[in-house]
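Here are my notes for a colleague who is meeting this structure for the first time. Please read them beside the model itself.

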Amino acid sequence: MEESTDSPIIYFEHTDIYNSGNLVISDLNMSISRGEFAYIIGKVGSGKTTIIRAIIGETPVSGGIARVGDFNLMKLKKRQIPYLRRKIGVVFQDFQLLMDRSVYDNLRFVLRATGWKDRTAISERIRKVLAATGMEHKADSMPHQLSGGEQQRIAIARALLNSPEIILADEPTGNLDGETAEQIMGLLFRINKERGPAIIMVTHNQTLFQRYPARTFLCEKLSCTEVEDKSDIQLDLSEFI
C-alpha cells in the first residue's frame, strides 16, 4: 500500500517493543502526523528512549502495526535501515559531535556518509542549515570552542542536513542551563513551524513542558499512553530525571 500525504508519519497500533529481549513497552498506540510536535515523558527506565530507538529501527518491535513513513518496522531489513534513517534527524542530550574536526567538517562528514558527493552542493547545504540555526559564523570553530548551547545548535543543524521528515530529540536540553534551554526550545518550535518536520521530544523539564504545550505521551508501567487532559499533567518531574 502506498503512503498518502495524509497518513501518519509515525504509526504504532497494539505494538510491543523490546530491549535486549525484555519487554519494555506493551501495546503501544501512537499516531503522529506530519508536522506535529509531541513530547514523551516518564521516569528513567520507563521506555522513552526505547521508543526512539524503535522509530530508527534499532530496537525490535512485534505485534500489531508499526510504521515510520513508508517503512514497515515489522518487516524492516537490515539493508533498509540506512534509508529509513535518512528520513530522520536525531538530536542527543550530549551533542555527539566529532571533537577532532571543525563544525563544517562535522557536517560534511554526515553528508558524505549519506551519499552526497558534489562539493558545491555540500557547501551550500551546510551554509543553509547553519543559517537556519543561527550558527553560520561558527563554521570554522572546533566543538570545544563552543558553549553547550552552541554545540546543541550544531547538533540540530546536523539533524537538518538531509531535510528529514522527522526529528527525534532525546533530552536535548538536559545539559543546558535554563535560559539556553529556552532558546533551544524556541529554535525547535520554529523549525517545526517553518520547515514542517514532525518532532518527538523526550524531556523531563517541567518549565519548558508547560511553556511550550504540545501532545504528550506518558511512559509508565510498561505502557506509553497519550495524556488527553492537560490538567492531568501536574507531575513532579524531578522524579522523572
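The points below go through confidence, the sheet and a pair of helices.

1. This is a predicted model, in which local features need pLDDT of at least 70 and side-chain atom pairs count only at pLDDT 80 or more, while totals for chains, interfaces and linings use all residues. Residues are numbered from 1 along each chain as its sequence is written, and side-chain values use heavy atoms, with hydrogens and water left out.

2. The protein chain has a mean pLDDT (the predictor's confidence in each residue, from 0 to 100) of 90, and 93% of its residues reach 70 or more. Among its elements (DSSP runs numbered from the N terminus, helices being H or I of at least four residues and strands E of at least two), strand β5 (residues 65–68) has the highest mean, 97, and helix α7 (residues 206–211) the lowest, 80.

3. Over residues 237–241 pLDDT stays under 50, and the model has 14 contacts (heavy atoms within 4.5 Å) beyond four places in sequence for them. Where pLDDT is low, the predicted coordinates should not be read in detail.

4. Six strands form an open sheet with mixed pairing (two strands pair if DSSP finds at least two bridges between them), in the order β7-β8-β9-β3-β10-β11. Because β7 (88–92) and β11 (223–226) stand at the edges with a single partner strand each, one side of each is left without a neighbour in the sheet.

5. Strand β3 (residues 37–42) runs parallel to strand β10 (residues 215–220), and 5 bridges join them; in this pairing I40 has F217 as its bridge partner, and I41 stands opposite L218. On to β11, β10 is joined by 4 bridges in an antiparallel arrangement, with E226 of β11 as the bridge partner of F217. The hairpin of β10 and β11 has 2 residues between the strands, and K221 there takes a positive phi near 50°.

6. How do helix α5 (residues 148–160) and helix α6 (residues 178–195) cross, and at roughly what angle? Their axes (lines fitted to C-alpha atoms, for helices over the stretch in contact, with angles from 0 to 180 degrees between N-to-C directions) come within 10 Å and cross at roughly 20°. That makes α5 roughly parallel to α6 (angles under 35 degrees count as such).

7. Where these helices meet, the residues of α5 include G149, I156 and L160, and those of α6 include T180, L187 and R195.

Technical notes:
Parallel < 35°, antiparallel > 145°, perpendicular 65-115°, else oblique.
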